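Here are a few exercises to work through with the model open beside you. Try each task before you read its solution.

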Amino acid sequence: MRYLIVVIAVIGWLTVTSSVVQACSCAGSGTPCEAYGTANAVFVGTAVSVREAERPKPEDRDTWHYERAFKFTVEQSYLGVDGTEVEILTGGGGGDCGYQFQIGGRYLVYAHSYQNRLSTSICTRTKSFASASEDLAFLGNLSSAAPGATIYGDVVYQKGSTPLPSDVLVKIEGGKVSRETRPDAQGKYRFSGLPPGKYKITLQLPETLSTHRSERELSVADRGCAALTYYVSDNGRLSGRVLDAEGQPVPRILISLLNPASDPRKDAVPGDRTNAEGRFSLSSIAPGRYLISVNHQPFPDPNDPALAYPAVFYPGVVDQANAEVITVGPGEKLTGLDIRVPLRRPESVVSGQVVWSDGSPVAKASITLKDVTDTESNVGHGAQTDEQGRFTINGYIGQKLIIDAMSNRPYVPLGDRFQPMERSEKVRITLSRPKETVKIVLTKIR
């Protein structure tokens with residue numbers, strides 16, 4: 001298993017509108033040759049009308065939605081357009097990367113296929129005809145260019161000026177084509193004279209190096225180009241086991257790497273969970289000095305069985321000052337790193353009820369649980385009460401929980417600012433007995 005860096009994205013929903021705010025981020029449109037080579041349609045045309053695009057069906061609501069459909073009269077087609085008219089989808093502008101076409105405007109359009117339709121955005125080389133001289137010069141010479149497509153790129157070794165190892169190989173396969181080449185001293189590679197079509201490009205690396213997605217696929221048009229860059233880093237690797245005090249394997253417990261000077265409750269990057277035999281394997285590790293932390297950033301489910309074990313450091317100490325620092329060299333592989341954790345903590349069951357201030361039960365209330373035993377994470381875990389406002393939590397002796405509740409009453413806006421409808425008396429409890437009982441009281445404000 002690879003060493004995964006988990007990125008937690010927080011999506012903010014606006015209370016005064018039903019739209020989700022999205023940010024447009026473009027990686028760059030490349031050269032005219034690259035833009036042409038990877039497009040499905042390229043043409044010069046005039047925008048003559050616009051309509052609202054069809055919205056996705058309810059079952060396809062996760063599909064990207066294009067706000068507008070522009071109709072163009074086609075003056076010159078370079079790729080993928082046979083008729084005198086074509087419709088192009090695009091967004092509304094701003095955060096969705098939509099292109100702001102003006103009716104009556106003349107444009108050079110690069111479009112890509114989207115669910116059997118053509119679409120474009122500001123992330124392509126689509127532009128007004130008046131500013132397209134560089135692109136038009138390239139497109140005007142296509143008929144006299146030699147047949148065949150080109151795929152090229154760079155293999156970038158993220159170690160400054162350190163040369164790329166000589167045993168790196170780039171392979172390309174598609175149709176009846178199968179070729180391979182080694183990047184030059186600067187990491188550049190090129191395949192020329194290819195038949196147009198779809199290709200799989202594979203970067204083969206020695207085990208001391210790693211990259212994200214070594215296999216890629218792309219399509220390239222005749223007389224066009226496609227560029228693909230790989231970023232390569234040292235593949236430091238660590239492997240070992242997590243065992244309890246009796247030598248039994250501990251499955252599904254979280255392993256993280258940590259800078260020795262960091263706070264594990266805040267800075268431990270979630271890495272991997274042990275398998276059924278208690279084994280872990282972390283890879284893609286940059287050279288450096290690390291602590292191996294166990295269970296310092298558990299996932300926020302209070303029923304997670306890994307929470308039965310206290311947080312420790314390699315080789316099995318609770319105090320960070322006594323932890324052993326591991327040094328990983330460039331591409332180095334360290335094995336046999338066994339970590340001991342104390343025996344499982346005894347189980348505890350929390351029985352609770354959510355009531356209104358008059359004592360009546362709150363049916364189907366939403367429960368938010370937060371385990372603060374070994375983490376300062378602000379992420380909680382959800383649950384729901386039954387018709388009598390009751391709920392049950394399975395935990396472990398020693399856990400510290402914050403339990404909050406909210407009724408299922410629909411929110412009624414009051415002005416243009418959020419105004420709470422009720423107040424909850426949060427319960428903070430340290431589980432110390434096999435059975436615990438709690439009560440959460442909600443008070444209606446309005």
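Two strands count as paired here if DSSP finds at least two bridges between them. Keep in mind that this is a predicted model.

**Exercise 1.** Find the open sheet with mixed pairing and work out which strands stand at its edges.

Solution, step by step:
- Start with the order. Four strands make up this open sheet, and they run 10-7-14-12.
- Now look at the ends. Strand 10 (188-194) and strand 12 (209-211) each have a single partner strand, so each has one side without a neighbour in the sheet.
- Next comes the turn between neighbours. Ignoring direction, neighbouring strands in this sheet are turned by 25 degrees against each other on average.
- Zoom in on one pair. Strand 7 (residues 149-157) and strand 10 are antiparallel partners, with five bridges between them.
- To find your place in that pair, look for Gly 153, which sits opposite Tyr 189 in strand 10.

**Exercise 2.** Do the same for the open sheet in the order 9-8-11-13: what kind of pairing does it have, and which strands are its edges?

Solution, step by step:
- This sheet also has four strands, and their pairing is antiparallel.
- Its edges are strand 9 (177-181) and strand 13 (215-220), each pairing on one side only.
- Going from one strand to the next, the twist averages 20 degrees.
- For a closer look, follow strand 11 (residues 197-204) next to strand 13: six bridges join the two, and they run antiparallel.
- A handy landmark there is Tyr 199, with Leu 218 of strand 13 opposite.

**Exercise 3.** Track down the disulfides and give the handedness of each.

Solution, step by step:
- A reminder before you search: a disulfide is a covalent bond between the sulfur atoms of two cysteines.
- The structure has two disulfides.
- Take Cys 26 and Cys 123, whose S to S distance is 1.8 Å. The angle about their S-S bond is -65 degrees, and the link is left-handed.
- Where do these two partners lie in the chain? Cys 26 is in the segment before helix 1 (32-38), while Cys 123 is in the loop between strand 5 (117-119) and strand 6 (127-128), so the bond links distant parts of the chain, 97 residues apart.
- Check accessibility too. Cys 26 is partly exposed at 39%, and Cys 123 is partly exposed at 23%.
- Move on to Cys 33 and Cys 225, with sulfur atoms 1.7 Å apart. This disulfide is right-handed because the torsion about its S-S bond is about 70 degrees.
- This pair also links distant parts of the chain: Cys 33 belongs to helix 1 and Cys 225 to strand 14 (residues 225-234), 192 residues apart.
- Both Cys 33 and Cys 225 are buried.

**Exercise 4.** Is Lys 127 buried or exposed, and which residues does Lys 127 contact?

Solution, step by step:
- You'll find Lys 127 in strand 6.
- The relative accessible area of Lys 127 is 17%. Buried means under 20%, so Lys 127 counts as buried.
- Leave out the neighbours within four places in sequence, and Lys 127 is in contact with Tyr 99, Tyr 107, Leu 108, Ala 132 and Asp 135.
- Pick Asp 135 from that list: the side chains of Lys 127 and Asp 135 share a polar contact of 3.2 Å.
- Finally, compare positions in the chain and in space. Arg 106 is 21 residues from Lys 127 along the chain, and their C-alpha atoms are separated by 8.9 Å.

Key:
Residues numbered from 1 in each chain as written. Predicted model: local features only at pLDDT ≥ 70, side-chain atom pairs only at ≥ 80, totals over all residues. Heavy atoms only, no water. Axes fitted to C-alpha atoms, helices over the stretch in contact; angles between N-to-C directions. Disulfide = S-S within 2.5 Å. Buried < 20%, exposed > 50% of the residue type's maximum accessible area, 1.4 Å probe, protein only. Contact = heavy atoms within 4.5 Å. Polar contact = N/O pair within 3.5 Å; in protein donor to acceptor, adjacent residues only side chain to side chain.
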